[in-house]
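Reader: Hi! I'm new to reading structures, could you walk me through one?
Author: Happy to, let's open it up.

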Amino acid sequence: MRDVLLVLSVFLASVVEGVEALTIVLAVGTTRSWRSTRYGIGAALLALAVFVAILGPALTSIPINALRLVIGGLLLIFGLQWLRKAVLRASGFKPLHDEVAIFTKATAKARKAGVAEPEGIIDDWYSFTIAFKGVLLEGLEIAFIVVTFGANQGSIPLAIAGAAAAIIVVVAAGMVVHQPLSRVPENTLKFVVGIMLTSFGIFWGSEGAGVHWPGSDAALLGVIALITITALTQVAWLSHLPGNLKTGNA
Amino acid sequence: MIYIRRFLGFWYHFIVGDDWRIAVGVVVGLSLIASITHVAHTQVWWLLPTMVVTMLTLSLWLTARRR
């Protein structure tokens with residue numbers, strides 16, 4: 001069961017980050033140079049592969065309880081950050097993530113940027129740099145989740161498979177649609193991913209600190225249910241407070 | 001020096017994010033659980049979920065209050 005939840009969590013997180021990276025890539029690719037954009041993507045993917053290849057085996061060599069305590073704790077801090085932002089977005093205290101708006105802004109910026117003389121195989125350094133940065137930063141979140149989930153569960157290849165499946169789906173959809181995937185319910189996905197990261201963080205962090213969960217693995221479902229109910233209640237509560245973007249009553 | 005500060009700043013923002021109190025709460029919570037489990041030999045599986053719910057609620061409330 002943990003394996004299924006692991007793959008699902010990594011898949012959903014990777015879809016979210018993949019959609020964000022795709023928006024940046026499309027913005028520079030369609031307005032400037034696809035050739036340099038592709039080089040930027042390739043260089044970023046290479047850097048991410050090195051990150052996972054070095055960190056993955058290094059982490060799996062650490063004793064499992066110490067690993068779960070440290071990595072579970074990091075995952076919990078990271079997951080709570082996601083969940084906090086998701087609750088603030090859902091309750092109107094933070095603007096919703098809008099891929100079309102981001103695409104429009106990035107496209108305008110790419111058009112305004114000056115043109116430099118082509119150097120070597122890169123004909124447009126702006127496209128290369130923006131694509132590299134976008135893919136690297138969004139990909140780093142995927143890599144972090146892959147490494148922490150995979151190492152804790154003792155199955156990095158399974159986590160990589162979940163991420164790879166998501167990237168294939170996003171890239172295929174991007175190639176077909178050729179515009180930002182604004183119909184992907186990104187804000188809802190971020191909410192779900194925040195719940196999963198937080199729940200796994202609580203579960204593994206506690207295990208690493210010496211806790212034996214009642215019901216063993218089944219307790220993870222209980223933790224997920226608790227965090228889901230908590231987050232939904234917080235959204236309902238905050239939605240009624242003054243100062244949110246929905247009511248506008250500061 | 002500026003590169004090291006930027007590098008550390010990036011990782012701080014990447015993992016800790018907007019509210020450092022949550023990170024401190026997680027570290028305190030896990031240390032507390034490890035101490036209770038290994039010293040008092042008591043199972044406190046409920047402690048971290050309780051702390052997380054409380055910390056998240058407090059963090060959200062403080063953010064909402066500032067708006």
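Reader: Where is the place of Ser36(A)?
Author: Ser36(A) sits in helix H2 of chain A, which covers residues 34-60. Keep in mind that this is a predicted model.

Reader: And is Ser36(A) buried or exposed?
Author: Ser36(A) is buried, because 24 other C-beta atoms lie within 10 Å, and the cut-off for buried is 20 or more.

Reader: Which residues does Ser36(A) touch, leaving out those up to four places away in sequence?
Author: With those left out, Ser36(A) touches Ile122(A), Asp123(A), Asp124(A), Ser127(A) and Phe128(A).

Reader: What about Lys85(A), how many Å apart are Ser36(A) and Lys85(A)?
Author: From C-alpha to C-alpha, Ser36(A) and Lys85(A) are 33 Å apart in space, and 49 residues apart in sequence.

Reader: New topic! Which helix does Val177(A) lie in?
Author: Val177(A) lies in helix H6 of chain A, residues 156-177.

Reader: Why does Val177(A) count as partly exposed?
Author: Val177(A) has 13 C-beta neighbours inside 10 Å, so Val177(A) counts as partly exposed. That label goes to residues in between the buried cut-off of 20 or more and the exposed cut-off of 12 or fewer.

Reader: And what separates Val177(A) from Gly18(A)?
Author: Their C-alpha atoms are separated by 15 Å, while the two residues are 159 residues apart along the chain.

Reader: Cool. Now the helices: at what angle do the axes of H3 and H5 of chain A cross?
Author: The axes of H3 (residues 64-90) and H5 (residues 125-153) of chain A cross at roughly 145° and come within 10 Å. The crossing of H3(A) past H5(A) is left-handed.

Reader: Which residues meet there?
Author: On the H3(A) side you'll find Leu67(A), Arg68(A), Ile71(A), Gly72(A), Leu74(A), Leu75(A) and Phe78(A). They meet Phe144(A), Thr148(A), Ala151(A) and Asn152(A) of H5(A). Sorted by class, this contact of H3(A) with H5(A) has seven nonpolar residues, three polar and one charged.

Reader: Nice! What about chain B, how many helices and strands does it have?
Author: Chain B has three helices and zero strands, so to speak an α-α-α run from the N terminus on.

Reader: What radius of gyration does chain B have?
Author: Chain B has 16 Å, whereas a compact globule of 67 residues would have a radius of gyration near 11 Å. Along the principal axes, the C-alpha atoms of chain B fill a box of roughly 45 × 35 × 10 Å.

Reader: And how many of the residues of chain B count as buried?
Author: Of the 67 residues in chain B, 24% count as buried.

How values were computed: Residues numbered from 1 in each chain as written. Chains lettered and ligands numbered in written order. Predicted model: local features only at pLDDT ≥ 70, side-chain atom pairs only at ≥ 80, totals over all residues. Axes fitted to C-alpha atoms, helices over the stretch in contact; angles between N-to-C directions. Helix = DSSP H or I, 4+ residues; strand = E, 2+ residues; numbered from the N terminus. Left-handed = near helix turned anticlockwise from the far one by under 90°. Contact = placed C-beta atoms within 7 Å. Nonpolar A, V, L, I, M, F, W, Y, C, P; charged D, E, K, R; others polar. Rg over C-alpha atoms; globule rule 2.2 N^0.38 Å.
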